[in-house]
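The following exercises concern the reading of a protein model. Please consult the sequence and the structure while working through each solution.

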Amino acid sequence: MKFNQAQEQAIFNEHSLVVISAGAGSGKTRVLTERIVYLCDLKRTNPEHRMGVTIDEIVAITFTEKAAREMKDRIRSRINEKIADSVEDEEQRFWLEQKDALERTIISTFHSFCQQILSQYAIYAKLPPRIKVIDELEANQLKKELIQKLFQQAAFVERAEPFFDYLTKDSLTDYLFSILNQMREWFVGPSKVQELRVEEMVEIQKAAVRQQLLEKIQSFHTKANDYIRQFSAYGELTAAQKKHVQKIETGFANLHERLPVREYLEICEECMPNRTDKKWQEQIPPLYDLFELEWKPLKKWWKDMSGSIGFSEQSVDLLKRLVELIKQFDYAYQSRKDYLGFVDFSDLQQKAVSLLNNPSIQAACRKQYRHFMIDEFQDTNQLQLEMLKRIDPDYQFIVGDTKQSIYRFRGANVSLMNQLEEDAETDQDAETILMNTNYRTTDPVIQTVNHIFSSIMKPEPDFAFETKYTALEAAREPESIEKKSIELFKTDEDEDQYIQLARRLVTMMEEGKPLVNSNGEWQRPSWKDIAILIPTRTQLLQLERALTAYQIPYTVYGGIAFFQRQEVIDFIHFIRWLNRPFEELYLTALLRSPLIGLTLNELLDIQEQLEEGQSLYEFLYTLKNELIAGPVIFEAALKLQGWLEAYISSKPTQSISSYLQRMFEDIGLKNSLLLQENGLQKVKNVEKLIGLLEQNQCRLYEEMVEVIDERMQLSEKEGEAEIERLDGDALHIMTVHASKGLEFPIVCLPQMDRRPRPDAGLIRFHPELGIVFRLESDEEEEQITAVVETPGYPIAKELGNLEAREEEKRLFYVAATRARDHLLMVGCEKGSKHSWLEMVEYAQSATGLSQLIEEEIGTLSEQVWLPVGQNYEVPKLLKSREVLTPLSVSEVMTFIHDKGTYFERYVLGLEEERSSNEHSPTQEEALPIKANEFGTIVHKACELLDNGIDEEQAIDQSLNKISEADVKEKVRLELQELLKTYNQKIRAQLGRPVANEWSFSFPLAQAGAEIIGEIDKIVEREGMIHLIDFKTNKIEQTGGELLSIYEPQLYLYKMAYEYQVQKAVESTSLFVFRDQHKPIHSLVFSEANEKKLMTEIQELVRRKKTATAKSEWLASSQ
């Protein structure tokens, strides 16, 4: 196994502390995996070596549970390789032991590790026998209930009352939540909040302001004298300019930086000009820069400080009240959790750190866990670092990248890794390693990243939270050095950048460029190759509208405002009405919703028809005569009456999900959505809401409404449901945060001109200054002070803004490094200050970046996206292209073999098990699960075997979704039998795996169809491509019997791959599991058979467009 020099240095390092700065795409997960395997191998080959350990003496900490699972899978795969390669029995036995021990090895998140420590030492942690770990949503709900109770207490309200001159009750509540959360992530020890001292905060803030003021005066004094010394170089000045210069020189000649601050600034005020003059920029630049860059900011800062560094009586009083409110809230929250036996995520860390204060537990953990490995260390917080310090393991292996620290809002503190790197550089038993070879991204994109971020990130940071940039090195070459891989697309102010982006994407698809690399082959891009990464969700709906307008398929991951999507609102309106059918508010909302769709005029017509004292619901729920109200209103009334009868009197007797799914269909909402653009996504969104109600076991409409209301308040960032499209060919939309750890061939970055949000918050917690605030009142009453501020607030705000700006750079870095082959940046040409566009333009002015970027985009498509054949030409007389009929491969196969089954399944919409196809030639052995489900299980087991998982584990993992023991056992026996055919020898004969379950969508223009499907397996053998389709069908004698049945399918697979990849296919074959003598059966290509297939597809397309009677569908193809 080959590694580069930095990777080898990391894997085999023997220092007690190894800190690895792993750049994007540098293979850090592989290094972590190999390090673990190496340490175990060291134990086997050299038992006396101090570093050698068994695998359960290692702790590996990851940022997410998903990453932990992936790492464990990689380690398991490597151990399986070790077992297979073992020469001696003792060696094999050792690795088998490691494989068994892997399941109890701690490879998890920090929170899961804390939970394990607390469970192991529960008595020492003083935890109740049974505890429940509550997630963030549950914790927020508990806090909400407690704060409502506190605001019902007179003493709490009296203490909070002065804040209501400046804040609403909800705003104050939000600040209490936020500050308490920040404190509990920072303070070490659960009682620290109760130990807060206002007097200490006051003195600390005063001292900080004095120190900052001293530093600002010293900096100003030094720079001012530098500018003054440059005055002599400018001789031709106006009389006014000479007067300014002379006055400044005289004033500064006797000015000393150690004078009292007020006196120093008063002297400056006397000698400095009152205002600037733009002519100075040309005639005497040092005077202009002195005024604009140095004096003006210092003067403003002193004004903002109100000329004082002390606390007012009111600010001290408000600070005391605020601290007491926080303490009372914290006490109530902790007490309630103790009573209920709850612990939240912060408790897990706090209690684990407290537990590790016990010397005996420290020693036990140090002995048990000799090696600590931490991934994504840049995203750790203070508590997690304290935990590591207390355990103090023999070996620490820390991996991270400060350039990718983007979770400050979760408490991540990038300065911790910066400090650790500095410490490692001075420690003799430590080493820092730079891993900067990027294996993900092509060289032009890497060069672009280097130009941008070496320009905007300082080589020597001034603050601990700033990022030092080290250049990446690319290990991948582009498809062509002549074609630029980066586009910068600037739109005019009056242009919609999302419309322009959509047009550019359609152009990409039409031209089939830029090419993207898939498994070593350069091929035309598909929609699934493209990701649009958005910095925030604020303009997501505008982006969606643009994509929808051009019929671009997309999937949103973690979309905004789930509860504000129209389809979700409509279903919620219906549930609210069912819960309160006699309340006019909910009835009117339902009448206006698309489910009924009355206009405002029609509602007014109803109001005019109401008799005196008659309510709206009485009129509609009893309306029996169409002549009274007219056909539209009468139809609406009948709908309401039908729904009342169907859903008000009944309660769910089946599962909640089934009941609501039936409701979703019966009221017509599901069919309505399916007819809309992106309808499948909208259906999935409603089904996600149904799943939420099922999860909370809501059997009453009142309970459903309560859950919905709680979620709407507590989960503003609820994501849109992910969909499983038949072809999977949809571009991805997600936030940059959600994309971390992912990669895409083509990455689009809109909103390049966006102005980053400054660090916000009128009340803040600062780790060093404590609580700071600036409260402003809009009231003009004399007894209310307009502004009340603690002296530390401007310092905290200034540092906060600097941190936010620095994180914005890192967010841009993460976004840009998700691209594998091509990067497209889009924004309005007049970018905001500190925007990503400004960063790019600055790098263009400072480096050779412009040579790498294509800014002349060329002609953009005006057409909506409609897949067309590669050689299809639109007749000149037509203004629009033919819309191709989408057909799945299975649909084509059913049509060819059984017109009756096709009619039932695809025309009538009957479910597969209800259709009349009882003796299909493709029917498999009778099993207690559906044939397609069994096929999926077989495919998964084969893929796991390809990845090095042994057969027993592959079978176990493939069957993990079957819960019934007897069903699982029957399927297991059948699977074991079939896998005898898919043995190691056969797998080697197949060739090198290129892809599994390769989904495709390609235009078959000559048949007027778009073919959608999925190839089970693609392999490469002797440089040629071979396509394989797995079959578990029953056979009479040989698997060759199935070739005539599946011949059309294999032809379509060949066409799809050759179109998509532009590479010839050598063979397409069936792998028949029940043919243990000769499982592989290859198709012999025939032009006549291919022509026959084309005729069948043309006929299917024709019938889909014109057939109206069953007889037309059942007729044989001509």
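Six exercises follow, each with a worked solution, and all of them concern a predicted model.

**Exercise 1. Overall form**

Determine whether the radius of gyration of the protein chain agrees with that of a compact globule.

Solution.
Step 1. The protein chain has 1118 residues, and a compact globule with that number of residues would have a radius of gyration near 32 Å.
Step 2. The protein chain has a radius of gyration of 34 Å, which agrees with this expectation.
Step 3. The extent can also be described by a box along the principal axes: the C-alpha atoms fill roughly 105 × 95 × 75 Å.
Step 4. As for burial, 53% of the 1118 residues count as buried. The accessible surface comes to about 54,000 Å², and 47% of it belongs to carbon and sulfur atoms.
Step 5. Among contacts with a separation of 6 or more, 74% are made by residues 24 or more positions apart.

**Exercise 2. Division into domains**

State which domains the protein chain is divided into, and identify the residues of each.

Solution.
Step 1. Domain 1 comprises 5-131 + 343-435, and domain 2 comprises 135-340.
Step 2. Domain 3 is made of 486-556 + 729-857, while domain 4 covers 562-716.
Step 3. Domain 5 consists of 883-912 + 983-1117, and domain 6 of 928-982.
Step 4. The C-alpha centres of domain 4 and domain 5 are 44 Å apart.
Step 5. In terms of secondary structure, the protein chain contains 44 helices and 28 strands.

**Exercise 3. A parallel sheet**

Describe the open sheet of 7 strands: what is its strand order, and which strands form its edges?

Solution.
Step 1. The order is S15-S16-S14-S17-S21-S11-S22, with parallel pairing.
Step 2. The edge strands are S15 (554-557) and S22, each of which pairs on one side only.
Step 3. Helix H22 (residues 540-549) packs on this sheet and touches S14, S15 and S16. The direction of H22 makes about 165° with that of S15.
Step 4. S14 (residues 530-534) and S16 (residues 731-735) are joined in the parallel sense by 4 bridges. Within this pair, Ile532 has Ile733 in S16 as its bridge partner.
Step 5. S11 and S21 (residues 819-828) pair in the parallel sense over 6 bridges, and Phe489 has Val826 in S21 as its bridge partner.
Step 6. S11 is also joined to S22 (residues 853-854), in parallel, by 2 bridges; here Ile486 has Ile853 as its partner.
Step 7. Strand S11 (residues 486-491) has 5 of its 6 residues buried, so S11 is largely enclosed by the rest of the structure.

**Exercise 4. An antiparallel sheet**

Describe the open sheet of 3 strands and the helix that lies across its strands.

Solution.
Step 1. The strand order is S18-S19-S20, with antiparallel pairing.
Step 2. S18 (763-766) and S20 (787-789) are the edge strands, each pairing on one side only.
Step 3. Direction ignored, neighbouring strands of this sheet are turned by 15° against each other on average.
Step 4. S18 and S19 (residues 770-776) run antiparallel and are joined by 4 bridges. His766 stands opposite Gly770 in S19.
Step 5. Helix H34 (residues 792-816) lies across S18, S19 and S20, and runs at about 75° to S18.

**Exercise 5. A hairpin**

Identify how many bridges join S24 to S25, and which residue in their hairpin takes a positive phi.

Solution.
Step 1. S24 (residues 992-1004) and S25 (residues 1009-1021) run antiparallel and are joined by 11 bridges.
Step 2. Arg992 stands opposite Glu1020 in S25.
Step 3. The hairpin has 4 residues between the strands, and Gly1008 takes a positive phi near 70°.

**Exercise 6. Two residues and their surroundings**

Decide for Gln382 and for Thr437 whether each is buried or exposed, and name their contacts.

Solution.
Step 1. A residue counts as buried under 20% relative accessible area.
Step 2. Gln382 has a relative accessible area of 13% and is therefore buried. Gln382 is found in helix H18 (residues 382-391).
Step 3. Residues up to four places away in sequence are not counted; Gln382 then touches Glu185, Trp186 and Leu416.
Step 4. Thr437 has a relative accessible area of 18% and is therefore buried. Thr437 lies in strand S9 (residues 437-442).
Step 5. Leaving aside neighbours within four places in sequence, the contacts of Thr437 are Asn4, Gly25, Ser26, Glu473 and Ala475.

Key: Residues are numbered from 1 along each chain as its sequence is written. This is a predicted model: local features need pLDDT of at least 70, side-chain atom pairs count only at pLDDT 80 or more; totals for chains, interfaces and linings use all residues. Side-chain values use heavy atoms; hydrogens and water are left out. Domain bounds come from an automatic or database domain assignment. Two strands pair if DSSP finds at least two bridges between them. Axes are lines fitted to C-alpha atoms, for helices over the stretch in contact, and angles run from 0 to 180 degrees between N-to-C directions. Contact means heavy atoms within 4.5 Å. The radius of gyration is taken over C-alpha atoms; the globule rule is 2.2 Å times the number of residues to the power 0.38. Buried means under 20% relative accessible area, exposed over 50%, partly exposed in between (1.4 Å probe, protein chains only). Accessible areas come from the Shrake-Rupley method with a 1.4 Å probe; for residues, only the protein chains shown count as cover.
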